[in-house]
Amino acid sequence: MSRVYNFSAGPAVLPEEVLREAAEEMLDYRGTGMSVMEMSHRSKAYDTIIKEAEADLRELMNIPDNYKVLFLQGGASQQFAMIPMNLMKHKVADYIVTGQWAKKAYQEACLYGKANKIASSEDKTFSYIPDCSDLPISEDADYVYICENNTIYGTKFKELPNTKGKTLVADVSSCFLSEPVDVTKYGVIYGGVQKNIGPAGVVIVIIREDLITEDVLPGTPTMLKYKTHADADSLYNTPPAYGIYICGKVFKWLKKMGGLSVMKERNEEKAKLLYDFLDESRLFQGTVEKKDRSLMNVPFVTGDTDLDAKFVKEAKEAGLENLKGHRSVGGMRASIYNAMPLSGVQALVEFMKKFEKENL
Ligand SMILES: *Cc1c(COP(=O)(O)O)cnc(C)c1O
């Protein structure tokens with residue numbers, strides 16, 4: 001068996017330790033004689049799994065008691081609809097569009113009410129985060145929406161927007177648990193877990209309790225009401241049980257590593273290594289404004305599409321996989337999530353140095 005360094009943006013690398021543990025428990029989960037995949041979601045063993053997962057996540061993120069944690073399905077994309085259906089009481093919401101995912105969320109919200117694009121960085125192919133200190137927030141906005149880390153473009157909000165008292169809703173799919181956050185600054189934090197936490201199929205929604213009501217848009221399906229899932233502790237119907245189990249293991253791994261401040265330090269160290277090299281390289285360049293650089297997703301180019309393709313191909317042969325940029329941007333992108341070890345980024349930078357020498 002040999003494992004590669006996997007720089008995929010998602011589904012993405014998971015901690016090897018977690019995968020080994022899951023493998024050991026595959027046929028007989030702790031004396032139950034069955035796999036977690038084969039187990040009733042109403043069983044005692046599974047109840048412990050989902051309750052511990054929630055408790056560990058609450059501890060890691062320091063989530064206050066007046067927030068619910070929901071483990072749902074449908075990916076991050078389903079939230080693009082669930083958010084307006086549940087939160088647009090006045091049918092108005094403000095969107096800050098900093099990439100494809102925010103744009104998709106905005107377009108979806110337009111189906112349900114008046115979604116206002118109050119800021120955008122599309123003019124420069126989403127290579128920066130606009131100044132959000134004094135935006136024209138709508139008087140009657142039900143919420144202000146951001147995508148906090150832009151997976152495709154590699155930018156991140158280093159400061160949250162000034163929402164002028166309105167509820168902040170954030171898609172944190174690609175920066176979930178990468179650093180400490182102050183949950184009280186948000187009404188809703190959500191993300192698909194397949195970027196930085198676990199296997200595809202689970203989306204985690206952390207939502208302030210007062211935002212969970214029966215007052216939703218007419219016609220909202222039962223399955224798409226936050227209240228349905230909050231009232232049933234994420235067990236209204238069969239949840240993505242195996243995925244939640246793996247997420248739980250990742251939470252325990254994060255706790256063992258020292259929690260989110262330690263992850264932040266590690267992530268900063270990894271990102272610095274790569275960005276410092278990009279800044280001094282004569283062949284490769286980063287593609288976004290330095291002040292807005294993501295710690296998780298690092299896009300870069302040589303400026304020559306043939307050379308980019310050669311790089312991706314030769315990197316793969318060297319055990320550095322999934323470095324091709326998103327189809328809408330081209331070039332390369334290294335996603336260096338929590339589970340990517342420092343040695344992976346070191347190997348990447350060494351390979352880039354060698355490639356530069358050979359191709360300049
Ligand atoms: C990947 C991604 C999504 C889409 O996630 P799905 O689970 O595939 O729907 C949405 N937002 C961000 C920031 C992402 O990185």
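This passage describes a central strand, the ligand site and several loop residues of a predicted model. Residues are numbered from 1 along each chain as its sequence is written, and side-chain values use heavy atoms, with hydrogens and water left out. Because the model is predicted, local features need pLDDT of at least 70 and side-chain atom pairs count only at pLDDT 80 or more, while totals for chains, interfaces and linings use all residues.

Helices and strands were taken as DSSP runs and numbered from the N terminus (helices: H or I, at least four residues; strands: E, at least two). Strand β3 spans residues 92–97. In this strand, 6 of the 6 residues are buried, so β3 is largely enclosed by the rest of the structure. Buried here means under 20% relative accessible area, exposed means over 50%, and partly exposed lies in between (1.4 Å probe, protein chains only). The side chains of β3 split between two directions. V92, D94 and I96 point one way. A93, Y95 and V97 point the other way, and these residues too are buried.

Strand β3 has two parallel partners, β4 and β5. Two strands pair if DSSP finds at least two bridges between them. The pairing with β4 (residues 114–120) runs over 6 bridges. In that pairing, A93 stands opposite A115. The pairing with β5 (residues 144–147) runs over 2 bridges. There, D94 has V144 as its bridge partner. Helix α4 (residues 100–109) joins β3 and β4 in a right-handed β-α-β unit. Right-handed means that, with the strands pointing away from the viewer, the path from the first strand over the helix to the second runs clockwise.

The ligand is surrounded by G75, A76, S77, F80, W101, C147, N149, T151, D171, S173, Q194 and K195. A residue counts as near the ligand if one of its heavy atoms lies within 4 Å of it. Helix α3 (residues 75–87) gives the most to this shell, with 4 residues. By class, the shell holds 4 nonpolar, 6 polar and 2 charged residues. Ala, Val, Leu, Ile, Met, Phe, Trp, Tyr, Cys and Pro count as nonpolar, Asp, Glu, Lys and Arg as charged, and the others, Gly among them, as polar.

Polar contacts (pairs of N or O atoms within 3.5 Å) link side chains to the ligand. An N or O atom in the T151 side chain is 2.4 Å from a ligand oxygen atom. For K195, an N or O side-chain atom is 2.5 Å from an oxygen atom of the ligand. D171 places a polar side-chain atom 2.6 Å from a ligand nitrogen atom. Taken alone, the ligand exposes 390 Å², and the protein buries 87% of that (Shrake-Rupley method, 1.4 Å probe).

The loop between β4 and β5 contains S121 and T125. S121 is buried, with a relative accessible area of 0%. T125 is exposed, at 59% relative accessibility. Phi of T125 is positive, about 40°, although T125 is not a glycine. The C-alpha atoms of S121 and A141 are separated by 21 Å, and these residues lie 20 residues apart along the chain.

N62 lies in the loop between α2 (44–61) and β2 (67–72). Phi of N62 is near 55°, a positive value in a residue other than glycine. N62 is exposed, with a relative accessible area of 63%. The peptide bond from G10 to P11 is cis, with omega near -15°. P11 sits in the loop between β1 (5–6) and α1 (16–24).

Notes
A polar contact is a pair of N or O atoms within 3.5 Å; within protein, one must be able to donate a hydrogen and the other to accept it, and residues adjacent in sequence count only if both atoms are side-chain atoms.
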